[in-house]
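Let's take a walk through this model together. Keep the structure open beside you and follow along as we go.

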Amino acid sequence: MNTEQSSIWHERAKQVIIGGVNSPSRSFKAVGGESPITISKAQGAYLYDVDGNRYIDYLAAYGPIIAGHAHPHIVEQVNLAMSEGSLYGTPTPYETLFAERLQAVIPELERIRFVNSGTEAMMSVIRVARAYTGRSKILKFAGCYHGHADLVLVAAGSGPSSLGVPDSAGVPASVAEEVVTIPYNDVSALEAVFAARENEFSCILIEPVVGNFGIVTPDDGFLEAVRLVATQYGALLIYDEVITAFRFRFGAVQYNAVEPDLMALGKIIGGGLPIGAYGGKQAIMEQVSPLGPAYQAGTLAGNPLSMRAGMACLDVLMQPGTYEALAKKADILTKEIHAAANTYGIPHTINRYGGAFTLFFGERPVRTYQDAVHTDGKQFASFFHAMLRRNVCLAPSKYEAWFLTIAHSDDDIAHTVTAVQESMRELQS
Ligand code: PLP
């Protein structure tokens, strides 16, 4: 496969864009290789690079592209919105209409505020929780990613209930000390940390199904335990649904029955345009300005393009059978991956939930971030490149997911299965 033009564009990008990418995960740092592929067009299930190669896309832009690229209904609505002006700086009916529709499918969103990214949604929702509870500490789970704001770029300290340490240069130690990180799916650590720190926590942040150290579902009873502890100690439970909202049905309450106090949304809900949102219980959301003392604002927030793209995406997802079809495609694919890996004796574990899954190289079940860390990154990198050479684009990291979209056809799945079989054979040799 010729990817010469991709390399030329990457070299050119590096002269003006730091690192040649606008988000570090887009580089191939985690999987090696000279340069990432440079994509100039996408349609349906396919990405097209600047050398004219076509790839079946399971990256789905790290989640948002559930309807497939350039879905005609979304394109039509965005074109219409653009022709009527992209930003007014005033209230517009589209933000209210979209908020009403979000509330109709996720009734726990008693009040909503739109922002422009998942990071902003998480920053804002944490501020609201702190304002409401009058407390500052935050509990999060190792390996769950909540955006790139200072407060959530914090890794676990040395002991199970110790305060966090900065996970990035530029995050002050004093900020990291506000955060405690414990392992996902670990009820004992959760109970211990709350027993030790009693009423210090403003909130617990959690991905109700993890998407950031691969797809990892909560153990039976885990979210119930988290809810119980939050209630018992007066901390708010915040669902980070930036990946999960509209991916595994509309909101997590639909499949796990544990109600958060607040939630943050992003990615898919914008139909491929920049968006974030947060919301939840009205009494808590009343902290937000202009009603309350917690300030949060945005020049581009609730812009008519993102609102109308989001509504169009919701129209598509509300067609009967959407989620069943996504899950079925993922089920077929994962069964074939298992079979191919077994044929060539490649130790592996697949975690699937609905229409998303992660293939880990290693036999041990993955329930926590540490489990994911111990999987074989070198083998993943070889597999990633073997698949790319066969025109299948995966996320360039062992911690990411394969996302199925409405656009993936039976033929795409069949081509992918052949690519998997050949790539597994290559790994064995
Ligand atoms: N929360 C979760 C669960 C995410 O996966 C991400 C991004 O991957 C974010 C928050 C941050 O969203 P954004 O990249 O839109 O800022």
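Start on one face of helix α14, where Asp-410, Asp-411, Ala-414 and Gln-428 are exposed. Keep in mind as you look that this is a predicted model. Now turn the helix around: Asp-412, Thr-416, Val-420, Ser-423 and Met-424 are the buried residues of α14. They end up on the same side of α14 because they cover an arc of only 105° around the axis. And what do the buried residues of α14 pack against? Their partners are β3 (54-57), α11, α13 (377-389) and β15 (392-393). As for the helix itself, α14 takes in residues 410-428, 19 residues in all. From its first C-alpha to its last it reaches 27 Å, close to the 27 Å expected at 1.5 Å a residue.

Now zoom out to the whole chain. It's divided into domain 1, made of 4-70 + 320-428, and domain 2, which is 72-317. Between the C-alpha centres of domain 1 and domain 2 there are 26 Å. Where the two touch, domain 1 puts in 25 residues and domain 2 puts in 28. On the domain 1 side, at least two residues each come from α11 (322-343), β13 (349-353), β14 (356-360) and α12 (369-373). Which of these gives the most to that side? That's β14, with four residues. Sort the domain 1 side by class and you get 16 nonpolar, seven polar and two charged residues.

Next stop, the ligand. There are 15 residues around it, and Ser-117, Gly-118, Thr-119, Gly-147 and Val-242 come nearest. Helix α4 (residues 118-133) gives the most to this shell, with three residues. By class, the shell around the ligand has five nonpolar, eight polar and two charged residues.

Finally, head over to Glu-4, which sits in helix α1 (residues 4-14). Is Glu-4 buried or exposed? Count the other C-beta atoms within 10 Å and you find 9. A residue counts as exposed at 12 or fewer, so Glu-4 is exposed. To get a feel for distance, pick out Ala-189 as well: Glu-4 and Ala-189 are 185 residues apart along the chain, and their C-alpha atoms are separated by 50 Å.

Note on methods:
Residues are numbered from 1 along each chain as its sequence is written. This is a predicted model: local features need pLDDT of at least 70, side-chain atom pairs count only at pLDDT 80 or more; totals for chains, interfaces and linings use all residues. Domain bounds come from an automatic or database domain assignment. Two residues are in contact if their C-beta atoms, placed from the backbone, lie within 7 Å. Ala, Val, Leu, Ile, Met, Phe, Trp, Tyr, Cys and Pro count as nonpolar, Asp, Glu, Lys and Arg as charged, and the others, Gly among them, as polar. The expected span of a helix is 1.5 Å times one less than its number of residues. A residue is buried if 20 or more other C-beta atoms lie within 10 Å of its own, exposed if 12 or fewer, and partly exposed in between; C-beta atoms are placed from the backbone. The arc is that of the directions from the helix axis to the C-beta atoms. A residue is near a molecule or strand if its C-beta atom, placed from the backbone, lies within 6 Å of it.
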